[in-house]
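Please open the structure in your viewer and keep the selection tool at hand. The stops below are meant to be followed one after another.

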Amino acid sequence: KSEARSLRSIFSPKASAILRALISDLNKTWRVVELAEVAQVSLGHVSNVRKALLEREWIEEREGGVVLINPKALIETWRENYRSPTAQTKRGYTIYHGSQLDDELRRVLRNDPDGVRAVCSMQSAAKWLAPYGRSGTNTFYANELGAEILIETLSISEATKGANIVVKTVKDDSLFIGAIETVSGVFCTSPLQTYLDLWNGNERDKESAKFLAEEYFPWLQ
């Protein structure tokens, strides 16, 4: 029980922002202050996570800070203890498909910390990051403003059956950290966030996660 509580604290939303920073640059020596700034958390929170990671020998102290030395163990443990983000989920239907849908998305997808946040997630992100297969459902993370604009621009209507759009309105801003613009106007969750989401999906999603890892995390194989 103690270990389970410890893992929950390491992979909590705020702590996850710290982990994402560490994984974003495996060669960087991170000071506590730097991690706090990038992850947008308190110094005390960074110190607690730092202690837990040192105990597991996932990071190592060096002159000037700490370095992530065992990203493989970290991600393998994370994916098995991952919890899908709390979200208000809207499933609906849009008449837009294919290139027409992509054109509409270029109008609304953004990752502005002070405004609209709406990015592709799951298979919709994998389509741009490391295409493995096709999915009939388009999935997005968004803040409240981003969700409103997505629903309005795509003319999403209620659908009891045949939904092809899933918009998840989240309050955890750390999910947007590392989001990238894969092509002009198309924003996707980071490769790491996409991997974690896909790994905890269905069998087809997990296959996509493995394919994505080959491209972005070859040391994970």
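The tour visits one residue, then a helix, and then another residue. Keep in mind throughout that this is a predicted model.

Begin by selecting Glu34, which has its place in helix 3, residues 32–39. Its relative accessibility is 18%, and because buried means under 20%, Glu34 counts as buried. If you display the side chain of Glu34, you can follow it to the backbone nitrogen of Arg31, which it reaches at 3.0 Å. Once neighbours within four places in sequence are set aside, Glu34 is in contact with Lys28 and Thr29.

Next, select helix 8, residues 144–153, and colour Gly146, Ala147, Leu150 and Thr153, which are buried. These residues lie on the same side of helix 8, because they cover an arc of only 145 degrees around the axis. On the other side of helix 8 you will find Glu144, Glu148 and Glu152, which are exposed. To see what the buried residues of helix 8 pack against, add helix 6 (98–108), strand 5 (117–121), strand 6 (138–142) and strand 8 (165–170) to the view. Just after helix 8, pause at Ser155, which takes a positive phi of about 50 degrees.

Finally, go to Arg117, which lies in strand 5 and, at 8% relative accessibility, counts as buried. Show its side chain together with that of Asn111, since a polar contact of 3.0 Å joins the two. Not counting residues up to four places away in sequence, Arg117 touches several residues, among them Tyr141, Asp173, Phe176 and Gly146, the last of which is one of the buried residues of helix 8.

Terms used:
Residues are numbered from 1 along each chain as its sequence is written. This is a predicted model: local features need pLDDT of at least 70, side-chain atom pairs count only at pLDDT 80 or more; totals for chains, interfaces and linings use all residues. Side-chain values use heavy atoms; hydrogens and water are left out. Helices (H or I, at least four residues) and strands (E, at least two) are DSSP runs, numbered from the N terminus. Buried means under 20% relative accessible area, exposed over 50%, partly exposed in between (1.4 Å probe, protein chains only). A polar contact is a pair of N or O atoms within 3.5 Å; within protein, one must be able to donate a hydrogen and the other to accept it, and residues adjacent in sequence count only if both atoms are side-chain atoms. Contact means heavy atoms within 4.5 Å. The arc is that of the directions from the helix axis to the C-beta atoms.
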